[in-house]
Amino acid sequence: MKKPVNKNLLVMGTLCLSITSINTTRADVIDDTKFNVLAKNYYFNRDFRKGEFNSAGQNAQLPVSERKGYREEWTQGFIANIETGWTDTPIQFGLNGYGLIALKLDSDGYRTGTNNLEVDSTGKPKSATAEFGGALRAKYKETEAVLGNQFPNNPILGTNYSRLLPSMSTGLSIKDQSFENLNLDFGYFTQMSPVDSTDRLNYFNTDYNNGIQGDYVAYIGATHKHDNIETSAYISELENVWMQYYLGAKYKHQIDAQSNFNLQTNNYINRDTGDATGGNISTSIVSVMGTYKLSNHNFSLAYQQVLGDEPFDWIGFNNNGGIPSTPNTVQFSTFTEAKEKSAQVKYEIDFSPYGVDGLSFMTRYLYGWDMDNTGSDNVFYTKRHVYDQSIDNKHWERDIELRYKVKQGIAKDLDVRLRQATHRATKGYRYGNIDEVRLILEYPFSF
């Protein structure tokens with residue numbers, strides 16, 4: 001004879017199981033949470049040469065003859081990120097959060113303009129600013145979606161990390177790794193925050209910052225890896241401005257235990273679309289870069305060429321562009337003017353084999369020529385300058401970086417970078433003549 005089931009006991013048992021499940025889920029989310037902070041100290045000095053001047057900040061209120069001939073700021077930043085673990089559910093969920101803090105150590109309204117500090121309406125840099133945000137994550141098997149504030153890094157929408165704080169984008173991204181050797185990448189973003197501002201702007205502009213804007217950026221891409229070859233392809237749209245297409249490939253050949261050869265190509269096509277609010281755009285860029293590694297030495301050569309009457313342009317974050325996958329986009333210049341050809345030679349050395357573990361050195365020289373936009377009818381791009389073809393338009397840049405990352409001891413993981421850049425150009429080129437020094441110290445904390 002079966003005993004009757006006590007309904008109270010059944011309810012209590014069900015509740016116990018539910019509580020246990022909730023606690024387990026909570027334990028996964030909390031116990032697997034990661035929190036880290038990057039402390040970043042940044043000194044920036046840009047000296048304008050050959051009579052050029054700083055037009056930023058309060059200088060804009062002065063006669064040209066009285067404007068400062070340089071930009072100089074010393075700042076302290078903190079970049080905090082928190083990432084929870086996943087819930088123990090069929091569709092897993094998690095949260096991301098971030099905080100950005102910028103502090104002025106030394107600056108004023110006449111030396112500002114480095115894009116490391118936010119500038120108020122009077123042209124003075126703010127003493128302190130802070131920005132916070134977050135995103136919801138969801139994952140099912142090998143597919144992960146993120147909705148909210150993000151820092152995407154791909155050939156279409158590349159987060160700018162070149163200043164004190166990074167740029168931020170708001171929207172939806174989906175990454176899928178369900179297929180062997182194939183990664184899929186989708187994004188739809190409608191809002192951004194520049195590197196030097198806490199504003200949330202409901203549009204994206206372009207690197208040239210010449211008035212072109214779109215309400216959203218959408219892209220879909222794929223990356224395939226097979227043996228020593230990696231290929232990537234993306235299609236994207238800047239709303240009513242352009243369709244942008246990207247095709248890239250990487251190849252690595254291992255010569256022996258001490259040496260290898262790497263070959264990389266990155267290529268874009270921009271074509272106006274929709275209402276063409278950015279004017280007629282028909283331009284492309286092709287590039288190839290080869291690197292020979294011999295023990296602790298790297299030797300690189302690169303060639304890049306713009307095909308079209310408009311310059312090659314990409315997604316920007318107000319005063320600063322994103323980071324495109326082009327080899328000659330370097331510390332100061334981008335070598336992307338209409339019809340411009342450019343070449344680069346680069347050398348890198350790691351001093352670890354000589355007993356100085358963590359010390360490295362890099363230098364490169366780039367030369368650009370044949371800039372010509374006289375065939376363009378796009379007023380957004382020609383309003384800045386039309387190249388006089390009676391002048392042999394050209395420019396060059398030389399970059400040097402000395403870097404030391406502490407490998408052990410109390411200062412382990414402290415990263416110190418000293419960067420110097422020199423740029424010279426014929427009159428009327430997009431970028432002026434400068435000598436620049438940046439000293440960047442980064443120290444990570446993990447909890």
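This is a short tour of a predicted model, with suggestions for what to select at each stop.

**Stop 1: the whole chain**

Start by showing the full protein chain as a cartoon. You should find 2 helices and 22 strands. Taken along the principal axes, the C-alpha atoms fill a box of roughly 105 × 60 × 50 Å. The chain has 447 residues, and 45% of them count as buried. Now think about how the chain meets itself: among contacts between residues at least 6 apart in sequence, 63% join residues at least 24 apart.

**Stop 2: colour by confidence**

Next, colour the model by pLDDT. The mean for the protein chain is 93, and 94% of its residues reach 70 or more. Then select residues 1–24, where pLDDT stays under 50. How many contacts beyond four places in sequence does the model have for residues 1–24? There is 1. Where pLDDT is low, the predicted coordinates should not be read in detail.

**Stop 3: a pocket**

Turn on a surface and go to the second largest pocket, whose volume is about 540 Å³. Its lining is made up of 25 residues. To find the centre of this pocket, select Glu83, Asn96, Val146, Gln150 and Phe151, the lining residues that lie nearest to that point.

Which strands supply at least two residues each to this lining? Select strand 1 (34–48), strand 2 (70–83) and strand 3 (92–106), then add strand 4 (128–140), strand 5 (143–150) and strand 6 (168–179). If you colour the lining by residue class, you will see 8 nonpolar, 11 polar and 6 charged residues.

**Stop 4: Asn181, in a loop**

Follow strand 6 to its loop with strand 7 (182–193), and select Asn181 there. Check its backbone angles: phi is positive, at about 65 degrees, although Asn181 is not a glycine. Is Asn181 buried or partly exposed? Its relative accessible area is 40%, so Asn181 is partly exposed.

**Stop 5: Asn205, in a strand**

Move along to strand 8 (residues 204–206) and select Asn205. With a relative accessible area of just 2%, Asn205 is buried. Show side chains here and look for Asn209, whose side chain makes a polar contact of 3.3 Å with that of Asn205.

Now display what surrounds Asn205. Setting aside residues up to four places away in sequence, it touches Met192, Ile212 and Gln213, as well as Trp314, Ile315, Gly316, Phe317 and Asn318.

**Stop 6: Thr291, in another strand**

Jump ahead to strand 14 (residues 282–294), where Thr291 lies. Why does Thr291 count as buried? Its relative accessibility is 16%, and the cut-off for buried is under 20%, so Thr291 falls on the buried side.

Select Ser300 as well: its side chain and that of Thr291 are joined by a polar contact of 2.8 Å. Ser300 is one of the residues in contact with Thr291 once neighbours within four places in sequence are left aside; the others are Asn260, Phe261, Asn262, Asn298 and Phe299.

**Stop 7: Lys339, back in a loop**

Finish in the loop between strand 17 (320–321) and strand 18 (341–350), and select Lys339. Like Asn181, Lys339 is a residue other than glycine with a positive phi, here near 60 degrees. Its relative accessible area of 33% makes Lys339 partly exposed.

Key. Residues are numbered from 1 along each chain as its sequence is written. This is a predicted model: local features need pLDDT of at least 70, side-chain atom pairs count only at pLDDT 80 or more; totals for chains, interfaces and linings use all residues. Side-chain values use heavy atoms; hydrogens and water are left out. Helices (H or I, at least four residues) and strands (E, at least two) are DSSP runs, numbered from the N terminus. Buried means under 20% relative accessible area, exposed over 50%, partly exposed in between (1.4 Å probe, protein chains only). A polar contact is a pair of N or O atoms within 3.5 Å; within protein, one must be able to donate a hydrogen and the other to accept it, and residues adjacent in sequence count only if both atoms are side-chain atoms. Contact means heavy atoms within 4.5 Å. pLDDT is the predictor's confidence in each residue, from 0 to 100. On a 1 Å grid over the protein atoms alone, a cavity is a set of points where a 1.4 Å probe fits but cannot get out, and a pocket is an open set with protein on both sides within 12 Å along at least five of seven lines; lining residues have an atom within 4 Å of a point. Grid points are joined across faces, edges and corners, and a volume is the space filled by probe spheres set on the points. Ala, Val, Leu, Ile, Met, Phe, Trp, Tyr, Cys and Pro count as nonpolar, Asp, Glu, Lys and Arg as charged, and the others, Gly among them, as polar.
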